[in-house]
There are 4 protein chains.
Amino acid sequence: LTIPIPLNTIPPELADYPSVVMLPVLWGDMDSFQHVNNAVFFRWFETARIDYLEETGLRNLLSEQHLGPILAAISCNYRRQVRFPDTMLIGARVTSIGRSSMKMIHLAYSQQQATIVADGESTIVCFDYKANKSTPLPDAVRQRLAKVEGQELGQ
Amino acid sequence: LTIPIPLNTIPPELADYPSVVMLPVLWGDMDSFQHVNNAVFFRWFETARIDYLEETGLRNLLSEQHLGPILAAISCNYRRQVRFPDTMLIGARVTSIGRSSMKMIHLAYSQQQATIVADGESTIVCFDYKANKSTPLPDAVRQRLAKVEGQELGQ
Amino acid sequence: LTIPIPLNTIPPELADYPSVVMLPVLWGDMDSFQHVNNAVFFRWFETARIDYLEETGLRNLLSEQHLGPILAAISCNYRRQVRFPDTMLIGARVTSIGRSSMKMIHLAYSQQQATIVADGESTIVCFDYKANKSTPLPDAVRQRLAKVEGQELGQ
Amino acid sequence: LTIPIPLNTIPPELADYPSVVMLPVLWGDMDSFQHVNNAVFFRWFETARIDYLEETGLRNLLSEQHLGPILAAISCNYRRQVRFPDTMLIGARVTSIGRSSMKMIHLAYSQQQATIVADGESTIVCFDYKANKSTPLPDAVRQRLAKVEGQELGQ
C-alpha cells in the first residue's frame, strides 16, 4: 500500500505473507467496551485482500477476462483485545484453490502487543459479472498464484 | 428493539427465532461495488446479538455475577447481494452451549428480496472482567436458555 | 424509505419536512464514551438526503440531464447525547438555492428523548460528471423544489 | 500517533500544525460513488483531535480536574474527491478559545494529490462529567494552549 513498511518491522509471523499492509487503529474504531469493535477487523482484512489481488496482478488478470472477485464467506477469531493507539500489520495469503474459488488467510498483528491478535479466512469466488454467476478460475490466475505463493495450490 | 415489528412481517424462516430486529439499510452501507459492504452484516449481527441477550434477560443474569459476554469468533456466508433501499430482519438464536461458551446463529432476511440473504455464527464466551479470563456459564444462564429456546442445549 | 412511518409518530418539529426517515440506533454506533459517535450523524443525514432527492424526483430530473448531486460541505450541532437502544427520525428540507447549489437542513429527533438531539446543514452542488465541474441547477429542479417546499426558494 | 511520520513528508501546508497524523485510506472507506465517503473525514478529524489533546497534555490537564472534552459542533468542506489507495495527513490546531470552549481547525492532505483535499472545524466544550454540564476552561489549559500554539488565543 502507500505507507511503505520498513522491512525490519515485518515480524516473523508474517514473513511468508506475500502482502502485508500497515494500518493504524483510529480512535473511532473502538466501541462501548473501549476496545476495537469486531466489525473493524473485516475492514482491515478487506484492505489486505484488495492489496493482495492488486499487488500480485490477480485483479488485472481477472478483469482482462471481464471477471472479478466476490466475497462468498469470511470468518474471524479474536485472540486478544486491541485498543487505540496501536498500529496493525495485516497479512494476506492464499492457501487453497478450488474450481471457481480460493481461500485466503488473514493475520492481524498488533505492534503494541507484538503478537497476533486475530486471524481470519476469506472465501473468494471468481465471478462473471456479465453472466451474473460464478465461473472457473482462469489458468493464468492459478499459475500466478503458484508463483506468488511458491507452491502449487490445491483444495 | 424500539421499532415494533408487525407480527405478520416475520417470515416463516425467522418464526422460531427468539429475537428478530428490523434494520433499514443506510445508503452509506454500500461500497464501491454498489452493494452492502461485507463488514456491515457484522454490525447487524451485533445488534441482534445484544438484543437477544437483553430481551432474554441473559445480560442481567451475567452482570449480577460480574460477568459479561465477549465475542470469540464470528463468521458470515453471503448468499445474495443487498442494495439500498431495503429493510433487513435479523434473527438470533442460541443453538449450543459448551462449558464457558455458546454458539449463536444469525439469519439476515431482506424484505425487498423476500428471502434469506446471509447467515452467520457467533461464538460468545462468558467472561469474568475482574479476573480477566473466561469462566463457566452459570446454571441460571443455562436454564434461561433452555426456556427461551424451548429445549435443553448441548454442545 | 422502506420502513413506513406511522403518521402519528411524526413529531411537530418535523411536520414541515418533505422527507423524514426512521432509523434505529445500532449498538455499534456507540463509541468509547458510550454514546453515539459524532460521525454516525452524517450517515443518518446522508440517508435522509438521498431519500429527499429520490422521493421528490430531483435525482431523476438531474440524471436525465446527466447531472448529479455532490456534497460540498456539511455541518452538525450536537445538542444531546444519544444512546442505544433508540430510534431516530431524520428530517430533510431545502431552505435556499443558489446558482449551482442548494442548502439542505437536517434535524435528528430521538424517540427516547422525544426531542431534537442534533441539527445540521448540507451544501449540495449540481455536478456535471462528464465535464467534471459544477453547473447551474436546471429550471425544472427549481420548479420542483418550489412545489415540494411550498415556496419559491432564493439564496 | 504510532506511525512515525518522516519529517520530510510534512508538507508546508501543515508545517505550523502541532499535531499531524498519518492515516491510510481503507478500501472500504469508499462508497457507491467510488470515492471516500463524507462521514469518513470525521473519523480522521476525530483521531487527529484526540491525538492533539493527548500529545499536548491537555487531556491529562483536564482529567486531573475530572473534566473532559465533548464535541459540540463540527463541519467539513470537501475540496477534492479522495480515492483508495492514498495516505492522508490530518493536521489539528486550536485557533481560538472562549470561556468554556475552543475551536480546532483540521486540514486533510492527500499524499497522492499532494494538496489539501478538505478542511474542517470542531467546537470542543470543556465538560464536567460529574455535574453533567459545561464548565470554564481551567487556566492551566489556556497556558498550555498558548505555549503549544505559540501565541495567546482569544475568541
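Trainee: How many salt bridges does the rule find across the interface of chain D and chain C?
Mentor: The rule finds 0 there. Keep in mind that this is a predicted model.

Trainee: And how many residue pairs are in polar contact between chain D and chain C?
Mentor: The count is 10 residue pairs, both partners at pLDDT 80 or more.

Trainee: Which elements of chain D supply at least two residues to the side that touches chain C?
Mentor: Helix 1 (40–55) and strand 2 (67–78) of chain D. Strand 2 of chain D gives the most to that side, with 10 residues.

Trainee: How many residues of each chain are in contact there?
Mentor: Chain D puts in 21 residues, and they touch 21 residues of chain C.

Trainee: What about the area buried between chain D and chain C?
Mentor: About 1,700 Å². Carbon and sulfur atoms give 53% of that area. Quoting area is common practice: interface size is often given as the accessible area lost when the parts come together.

Trainee: Switching to chain A and chain B. What area do they bury between them?
Mentor: About 1,700 Å², with 53% of it on carbon and sulfur atoms. The contact takes 21 residues from chain A and 21 residues from chain B.

Trainee: How many salt bridges across the interface of chain A and chain B?
Mentor: The rule finds 0 across that interface. Polar contacts are another matter: 8 residue pairs are counted between chain A and chain B, both at pLDDT 80 or more.

Trainee: Which elements of chain A give two or more residues to the side that touches chain B?
Mentor: Helix 1 (38–55) and strand 2 (67–78) of chain A. Strand 2 of chain A gives the most to that side, with 10 residues.

Trainee: What turn lays chain A on chain B?
Mentor: A turn of 180°, with a shift of 0.0 Å along the axis. The RMSD is 0.0 Å. That is the relation of a two-fold axis.

Trainee: Which residue of chain A comes closest to the rotation axis?
Mentor: Ser75(A), with its C-alpha at 2.0 Å.

Trainee: Why do the copies meet through the same surface?
Mentor: Because 100% of the interface residues of chain A are also interface residues in chain B.

Trainee: New topic, cysteines. How many disulfides over all chains?
Mentor: A search of the whole structure finds 0.

Trainee: Why is there no bond at Cys76(A)?
Mentor: Distance. The closest cysteine sulfur to that of Cys76(A) belongs to Cys76(B), 13 Å away, which is too far for a bond. The cut-off for a disulfide is 2.5 Å between sulfur atoms.

Trainee: How far is the sulfur of Cys76(C) from the closest cysteine sulfur?
Mentor: It is 13 Å from the sulfur of Cys76(D), again too far for a bond.

Trainee: Is Cys76(A) buried or exposed?
Mentor: Cys76(A) counts as buried, at 1% relative accessibility. Cys76(C) is buried too, at 1%. The cut-off for buried is under 20%.

Trainee: Last one, Ser19(A). Where does it lie in chain A?
Mentor: In strand 1 of chain A, residues 19–24. Ser19(A) is buried, with a relative accessible area of 3%.

Trainee: What does the side chain of Ser19(A) make a polar contact with?
Mentor: The side chain of Asp51(A), at 2.7 Å.

Trainee: Which residues does Ser19(A) touch, not counting those up to four places away in sequence?
Mentor: Asp51(A) is on that list, along with Ala48(A), Tyr52(A), Ile90(A), Gly91(A) and Ala92(A).

How values were computed
Residues are numbered from 1 along each chain as its sequence is written. Chains are lettered from A and ligands numbered from 1 in the order in which they are written. This is a predicted model: local features need pLDDT of at least 70, side-chain atom pairs count only at pLDDT 80 or more; totals for chains, interfaces and linings use all residues. Side-chain values use heavy atoms; hydrogens and water are left out. Copies are superposed by least squares on the C-alpha atoms of residues with pLDDT of at least 70 in both. Contact means heavy atoms within 4.5 Å. Buried means under 20% relative accessible area, exposed over 50%, partly exposed in between (1.4 Å probe, protein chains only). Buried area is the accessible area (1.4 Å probe) that two parts lose on being put together, summed over both. A salt bridge is a side-chain nitrogen of Lys or Arg within 4 Å of a carboxyl oxygen of Asp or Glu. A polar contact is a pair of N or O atoms within 3.5 Å; within protein, one must be able to donate a hydrogen and the other to accept it, and residues adjacent in sequence count only if both atoms are side-chain atoms. Helices (H or I, at least four residues) and strands (E, at least two) are DSSP runs, numbered from the N terminus.
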